[in-house]
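Here is a set of short exercises to work through with the model open beside you. Try each task before you read its solution.

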Amino acid sequence: MAGERKLEKRLSATMEDSVNQLDKPFTGSSMRVAKHSTAAPGCFSCFSGMAPKQREVDIVLIGAGIMSATVGLMLKDLEPGWKMIMFERLHAAGEESSNGFNNAGTGHSGFMEPNYTKEVLNPDGSLKTVTTEKVEHICEQFLSSRQYWDYLVKKGLLPNPDDFIHQTNHIALGVGKDQVEFIKKRYEAMKGNPLFSTMEICLPEEKAKASQWAPLICTGRDANEPICMTKVPYGTDVDFGTLCKAKIESFQKLGGDLRLNTEVKDVKKDKDGKWLVTTKVSGAGSGWAVTKAKFVFVGAGGWALLLLQKAGIPQVNGYMALPVTGDWAVCQNPEVVAKHKVKVYAPGAPGAPPMSMPHLDYRTIGGKEMLLFGPFGSITLKFLRYGSNVDALKAVKPHNLLATIGALSRNLSLAVMLMKDVFKSGAGKLHDIRHYYPEADPDDWIFIPAGVRAQIIKKDPKTGKGMLQFGTEVVTNDEGSIVGLLGASPGASTSVSIALDVIEKCFGNKPEFKRWIPKLKVMIPTYSPDGPAGDMSQVNATVVNNLYATTGATLKISPK
Ligand SMILES: Cc1cc2nc3c(=O)[nH]c(=O)nc-3n(C[C@H](O)[C@H](O)[C@H](O)COP(=O)(O)OP(=O)(O)OC[C@H]3O[C@@H](n4cnc5c(N)ncnc54)[C@H](O)[C@@H]3O)c2cc1C
């Protein structure tokens, strides 16, 4: 019981809570591994020349972010008898990009994000319509996430949904003539789809309605500046950090092993085709260990590229990452927060990349309500927030050099935009906030660092030139025995579809997969092994409305 309490404390706390806090004086060589006969041998082996002893498991998961949490929990549920171990270099799970303060917490469903619809122009250059394929796919992927979380809550594998997810209207905002036109065309293109049938529009002349939907956006705004909005009531705000910790706690309850303060230093294939994962424990009782596994999931966030390169799989050749970080402006004034229980996204400047489109978000992080605005972009060489300044340098290899140079030279506008943000003064940042919230008071806002997005750079398969890609890619070797995630968007919202993708790619032609299909359909009722992960073969109004109603009731996120 005492052990359980200690574990719970460790998993639910943030940075100041170290796993190596002990109730009694430290006596062993390593509190995490010393008791196991097959564990790290400490430094004795370094001097004696003896190889570190090995432990053997079925699955190693590298990193304890939302991706490993989801893949690990799903696999442990599907195959309870398999030995699984998760290594995390930090002192707690979910402290990198998955932490509530390091991302925007948007349950991405395409309801309001302007970058998921591409503009289609008339011959005269005016806006004809927008494409909806991407926005539909993202919405379906998030519906898979809702279904899986519904299943986990009902099974007692996730806590009270209030701890990690909240209903919040998703509002797409257009300011000025061109953006108003865009929002109207976007509405026309999306409204007929059952996924977006609850979308409502507020035209420039409907001023009272606009003030009711989003008072902070409207009050004090120049009456001559036209604005247009759409609203979808099925939007959500998700505390992915809390969700991640809760999933990992359940992974452990089902028998999964979590090793904190344990960094994976190397991944190599053994002669028998299994993987040798070398780890080093930091802090008390430092020691090296080698874990042998049939399957490795590299859920190391920005460091996935470096680890896949170490594993030497040819499939990662040509890939590089462009790390982008930034700051959030945070407002915790309860009077202000009470007036903006919505998320508002607007298009950026023409041609601007997705991360340059700031948004004003209602958030609940660790149970506390606040507003986040941003991110204000910034350049970094680190692939993780707690990474190293030589990350980018380490990742440059002869096979990705040309793609990197090509992608960077073709995306100079992004570099310029980031440099502008880096040198933006406090007044400049306030000006940006006031574009959304005209009466913002500087005394209400503080700035905190956001996480790092390691965007993919790779060779464009069509042109052979280097390109920057704003998506996520699942990269696996031929046998499907090692798999890693590159890229960062749309991210945590699609973690369930990504987990399904990983499972299909790596286990799809293995005997156990057939056995898993019925269970996967219990976890995610719309799941089908025949289409791309997350896609729903028959999207009709009845299916969609039923999904929103059932998952909404379990997760307590039905429209208010
Ligand atoms: C500014 C910003 C805003 C975002 N907004 C949203 C949003 O609104 N909605 C959304 O869905 N997504 C959003 N994302 C994306 C989302 O946060 C990420 O896609 C997601 O959290 C990635 O999860 P992960 O598990 O892959 O990586 P992480 O959460 O980064 O976890 C990786 C873990 O691996 C560990 N690790 C790394 N290397 C090693 C090693 N060698 N050994 C052991 N452990 C290791 C790290 O310490 C870390 O804990 C945003 C991201 C950023 C940066």
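**Exercise 1. Pro529 and its surroundings**

Is Pro529 buried or partly exposed? Work out its place in the chain and its contacts too.

*Solution.* Keep in mind that this is a predicted model.

Step 1: Count the other C-beta atoms within 10 Å of Pro529; there are 15. A residue is called buried at 20 or more and exposed at 12 or fewer, with partly exposed in between. Pro529 is therefore partly exposed, with a count of 15.

Step 2: Locate the residue. Pro529 lies in the loop that runs between helix 16 (511-523) and helix 17.

Step 3: Look for contacts beyond four places in sequence. Pro529 touches Glu504 and Ile517. As for distances, its C-alpha atom is 9.0 Å from that of Leu500, a residue 29 positions away along the chain.

**Exercise 2. Leu547 in helix 17**

Decide whether Leu547 counts as buried, and find which residues Leu547 touches.

*Solution.* Step 1: Leu547 belongs to helix 17.

Step 2: Leu547 has 22 other C-beta atoms within 10 Å, so Leu547 is buried.

Step 3: With residues up to four places away set aside, Leu547 touches Leu143 and Gln147. Thr526 is 21 residues from Leu547 in sequence, and their C-alpha atoms are 9.3 Å apart.

**Exercise 3. Backbone oddities**

Search the backbone for a cis peptide bond, then examine the phi angles of Asn261 and Lys556.

*Solution.* Step 1: The bond from Gly374 to Pro375 is cis, and its omega is near 0°. Pro375 sits in strand 17 (residues 368-379).

Step 2: Asn261 is not a glycine, yet its phi is positive, at about 55°. The residue is in the loop linking strand 10 (257-259) with strand 11 (262-269). With 23 other C-beta atoms within 10 Å, Asn261 is buried.

Step 3: Lys556, also not a glycine, has a positive phi of about 60°. Lys556 falls in the segment after helix 17 (541-555). Its count is 13 other C-beta atoms within 10 Å, so Lys556 is partly exposed.

**Exercise 4. Strand 16 and its partners**

Which strands pair with strand 16, and in what sense?

*Solution.* Step 1: Begin with strand 15 (residues 342-345), which pairs with strand 16 in the antiparallel sense over 3 bridges. One bridge pair is Tyr345 with His359 of strand 16.

Step 2: Turn to strand 17, which runs antiparallel to strand 16 and is joined to it by 7 bridges. Here Thr364 has Glu369, in strand 17, as its bridge partner.

Step 3: Inspect the hairpin of strand 16 and strand 17, where 2 residues lie between the strands. Gly366 takes a positive phi near 55° in this hairpin.

Step 4: Check burial. Strand 16 (residues 359-365) is mostly covered, as 6 of its 7 residues are buried.

**Exercise 5. The shell around the ligand**

How many residues surround the ligand, and which are the closest?

*Solution.* Step 1: The shell holds 41 residues, and the closest are Gly63, Gly65, Glu96, Gly301 and Gly491.

Step 2: Sort the shell by element. Helix 3 (66-78) and strand 11 are the elements that give two or more residues. Helix 3 contributes the most, with 3 residues.

Step 3: Sort by class: the shell has 20 nonpolar, 15 polar and 6 charged residues.

Step 4: Sort by domain. At least three residues come from each of domain 1 (2-99 + 240-316 + 472-531) and domain 3 (317-471).

**Exercise 6. The whole chain and its cores**

Summarise the chain, then identify the members of the largest nonpolar core that touch the most other members.

*Solution.* Step 1: The protein chain has 17 helices and 22 strands. Of its 560 residues, 49% are buried.

Step 2: Take the contacts between residues at least 6 apart in sequence; 75% of them join residues at least 24 apart.

Step 3: The largest nonpolar core has 95 residues, and Ile62, Val296, Val298, Leu305 and Leu307 touch the most other members. Apart from this core lies another of 52 residues, including Met112, Ile138, Val175 and Cys331.

Step 4: Zoom in on Ile62. Beyond four places in sequence, its contacts include Phe87, Val264, Phe297 and Ala300.

Terms used: Residues numbered from 1 in each chain as written. Predicted model: local features only at pLDDT ≥ 70, side-chain atom pairs only at ≥ 80, totals over all residues. Helix = DSSP H or I, 4+ residues; strand = E, 2+ residues; numbered from the N terminus. Near = placed C-beta within 6 Å. Nonpolar A, V, L, I, M, F, W, Y, C, P; charged D, E, K, R; others polar. Domains from an automatic or database assignment. Contact = placed C-beta atoms within 7 Å. Pairing = 2+ DSSP bridges. Core = buried A, V, L, I, M, F, W, Y, C linked by C-beta atoms within 7 Å.
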